[in-house]
Amino acid sequence: MTERKLETAGDLINANPLSRLQVMVVALCFVTVAVDGFDTAVIGFVAPPIAGEWQLQPESLAALFGAALFGSIVGSAIFGPICDMVGRARTLVVATLLFGLLTAAAGLAHSLTQLIVLRFLAGVGLGGVLPCAIALTSEFAPERMRSALVNAMFCGFTLGAASSGFIAAWLIPAYGWRMVFIAGGMLPIAIAAISYFVLPESLNFLVTKGRSRAEIRRIVDLIAAGQTTPDWVPVPEQVATGTPATELFAARPLSGTLLLWLTAFCGLMSIYLLNSWMPLLLTQQGYSISQASRLGAMFQVGGTLGAICLGMIMDRTRPNRVIAAASLMAGFFLFAIGWVSDQPVLLGAALFCAGVCIPGAQVGSSAYAAGWYPTRVRATGISWMSGMGRVGSLIGSVGGGVLVSLGLGIGGILGFLAIPMTIAAIAMAAHERIRVKDRVVGDEAVSSAGQVLPTVGISHLG
């Protein structure tokens with residue numbers, strides 16, 4: 001490797017195999033996102049004992065279920081710009097610490113109002129975790145495996161959500177529902193403490209912001225294992241001249257950002273409607289609760305495998321086309337669920353395939369956004385896209401109840417979901433034109449795979 005071959009931070013990362021530093025970054029982000037998923041999902045398991053202890057009616061818990069989601073929308077709007085201004089690692093630590101402290105505090109609540117307020121504030125921290133983790137992972141990942149690594153990291157969320165039921169089933173009978181919140185808060189606090197000392201800042205971010213040369217060289221040496229000259233430093237990208245909010249719409253076409261928002265909105269609306277109402281729909285079909293749980297788990301398993309497989313495919317072809325195709329196929333499998341709802345084996349297979357396509361495409365769209373936005377607004381772009389998706393999740397959770405009350409049944413409701421997934425497919429297909437027109441934008445160029453690459457240049461330390 002010679003100095004002339006290395007011009008940007010992207011060149012350095014792309015020219016080397018994964019280092020231990022990069023593996024550690026992905027692993028820490030995975031674990032952080034896993035506790036995010038646990039905290040998001042565990043409320044469904046602690047709600048019944050809370051209602052029993054405080055003698056609450058089921059409808060009184062609606063605000064409790066939505067509090068963290070509302071908070072995450074606020075957090076997505078706030079933490080994205082902060083992440084682009086002060087750094088990915090630092091913001092990730094703060095967001096993780098915030099939701100950890102407030103989740104633990106929820107275990108000490110003595111009224112529903114207190115618990116709702118604490119869940120909302122914890123949600124603010126939750127809203128900042130995913131965008132920071134995605135941005136940090138994508139900026140440490142080589143272009144050849146960026147989508148695969150981001151999608152694999154994102155699977156931590158699914159793992160954490162899936163583990164919440166098992167952990168709650170162990171803790172609640174032995175220690176009560178409060179211990180679930182306390183334990184669920186202490187873990188992210190511990191992860192935040194570890195991350196504060198060992199999680200490095202993004203090399204792209206450090207160079208773009210003109211941070212400490214010694215810190216930049218330390219990360220360069222860890223990635224390149226001493227294969228660069230002592231005075232080499234990557235070329236910085238164009239420095240932001242305004243706030244992240246204004247830079248977001250200046251750095252990339254507004255139409256492209258709106259299409260990504262539409263994709264996230266449709267995807268998460270479908271996912272949350274399915275996650276919230278699938279058990280009830282299946283029991284209405286005559287399945288027992290245990291059968292409904294096993295069938296519903298097929299959707300989650302498909303989502304995890306789909307994220308990994310789609311990420312690998314995205315790295316080898318046009319990523320937006322992969323997402324569009326998966327979203328379109330999701331419509332077919334949603335219709336198929338209605339046709340085979342009385343046949344458990346075929347129903348499980350259809351739910352698995354729907355999981356591959358819907359959550360898999362949703363995770364893939366976040367990885368795609370990370371590659372499309374430049375470094376200076378990457379976290380803002382991802383977080384605001386995530387915020388629009390969380391708006392969709394609220395509508396999906398509430399709208400599912402409306403559709404159930406109309407008596408549409410599993411076939412009618414899932415057939416209805418084919419509409420937003422088709423819209424998502426059209427939006428991602430339309431992004432192809434935006435990507436082509438945006439092939440060269442200011443300080444960066446778009447590769448043939450649709451990923452953002454910095455333009456060339458050479459810089460040395462004097």
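Tutor: Helices here are DSSP runs of at least four residues, numbered from the N terminus. The model is predicted. Ask away.

Student: How many helices does the secondary structure of the chain come to?
Tutor: The chain has two kinds of element, helices and strands. Strands number three. The helices come to 16.

Student: What percentage of the residues in the chain are buried?
Tutor: A residue counts as buried when its relative accessible area is under 20%. The chain has 462 residues. The buried part of them is 57%.

Student: What share of the chain's contacts with a separation of 6 or more comes from residues 24 or more positions apart?
Tutor: The count starts with contacts at a separation of 6 or more. Within that set, pairs 24 or more positions apart are picked out. Their share is 83%.

Student: What is the volume of the second largest cavity?
Tutor: Rolling a probe the size of a water molecule over the atoms shows where empty space is left. The structure holds two cavities of 30 Å³ or more. For the second largest cavity, the volume is about 40 Å³.

Student: Which helix gives the largest share of the lining of the second largest cavity?
Tutor: Four helices each supply at least two lining residues: H11 (254-284), H13 (319-339), H14 (344-372) and H16 (409-437). The lining includes Ile-358, Ala-361, Gln-362 and Ser-365. The largest share is four residues, and it comes from H14.

Student: How many residues of that cavity's lining are charged?
Tutor: Among the lining residues are Thr-263, Ile-323 and Met-421. Five of the lining residues are nonpolar and five are polar. The number of charged residues is therefore zero, since the classes are nonpolar, polar and charged.

Student: Which residues lie closest to the centre of the second largest pocket?
Tutor: This pocket holds about 340 Å³ of space. It is lined by 17 residues, and the closest to its centre are Ala-89, Tyr-196, Leu-199, Glu-201 and Glu-215.

Student: Which helix supplies the largest share of the lining of the second largest pocket?
Tutor: At least two lining residues come from each of H4 (88-106), H7 (177-198) and H9 (213-224). By class, the lining has eleven nonpolar, one polar and five charged residues. The largest share is four residues, from H7.

Student: Is Ser-202 buried or exposed?
Tutor: Ser-202 sits in the loop between H7 and H8 (203-208). It touches Arg-88, Leu-136, Glu-139 and Phe-140, leaving out residues up to four places away in sequence. Its relative accessible area is 0%, under the 20% cut-off, so Ser-202 is buried.

Student: At what distance does the side chain of Ser-202 reach the backbone nitrogen of Phe-205?
Tutor: The side chain of Ser-202 reaches two backbone nitrogens. That of Asn-204 is at 3.3 Å. That of Phe-205 is at 3.2 Å.

Student: How many disulfides does a search of the whole structure find?
Tutor: A disulfide is a covalent bond between the sulfur atoms of two cysteines. The cut-off for the two sulfur atoms is 2.5 Å. The search finds zero.

Student: Why is Cys-132 in no disulfide, and which cysteine sulfur is nearest?
Tutor: A pair must be within 2.5 Å to count. The nearest sulfur is 3.4 Å away, so Cys-132 forms no such pair. That sulfur belongs to Cys-83.

Student: How far is Cys-357 from the nearest cysteine sulfur?
Tutor: Cys-357 is in no disulfide either. The nearest cysteine sulfur is that of Cys-353, at 6.9 Å.

Student: Is Gln-55 buried or exposed?
Tutor: Gln-55 lies in the loop between H2 (20-54) and H3 (62-86). Its phi is near 55°, a positive value in a residue other than glycine. Its relative accessibility is 72%, over the 50% cut-off, so Gln-55 counts as exposed.

Student: What separates the C-alpha atoms of Leu-328 and Thr-422?
Tutor: Leu-328 is part of H13. Beyond its neighbours within four places in sequence, Leu-328 is in contact with Thr-422 and Ala-425. Leu-328 and Thr-422 are 94 residues apart along the chain, yet their C-alpha atoms are separated by 5.4 Å.

Student: How far apart in space are Ser-290 and Pro-279?
Tutor: Ser-290 belongs to H12 (residues 289-314). At 40% relative accessibility, Ser-290 counts as partly exposed. Pro-279 is eleven residues away in sequence, and the C-alpha to C-alpha distance is 9.6 Å.

Methods:
Residues numbered from 1 in each chain as written. Predicted model: local features only at pLDDT ≥ 70, side-chain atom pairs only at ≥ 80, totals over all residues. Heavy atoms only, no water. 1 Å grid on protein atoms, 1.4 Å probe; cavity = no way out; pocket = protein on both sides within 12 Å on 5 of 7 lines; lining within 4 Å. Points joined across faces, edges and corners; volume = space filled by probe spheres on them. Buried < 20%, exposed > 50% of the residue type's maximum accessible area, 1.4 Å probe, protein only. Polar contact = N/O pair within 3.5 Å; in protein donor to acceptor, adjacent residues only side chain to side chain. Contact = heavy atoms within 4.5 Å.
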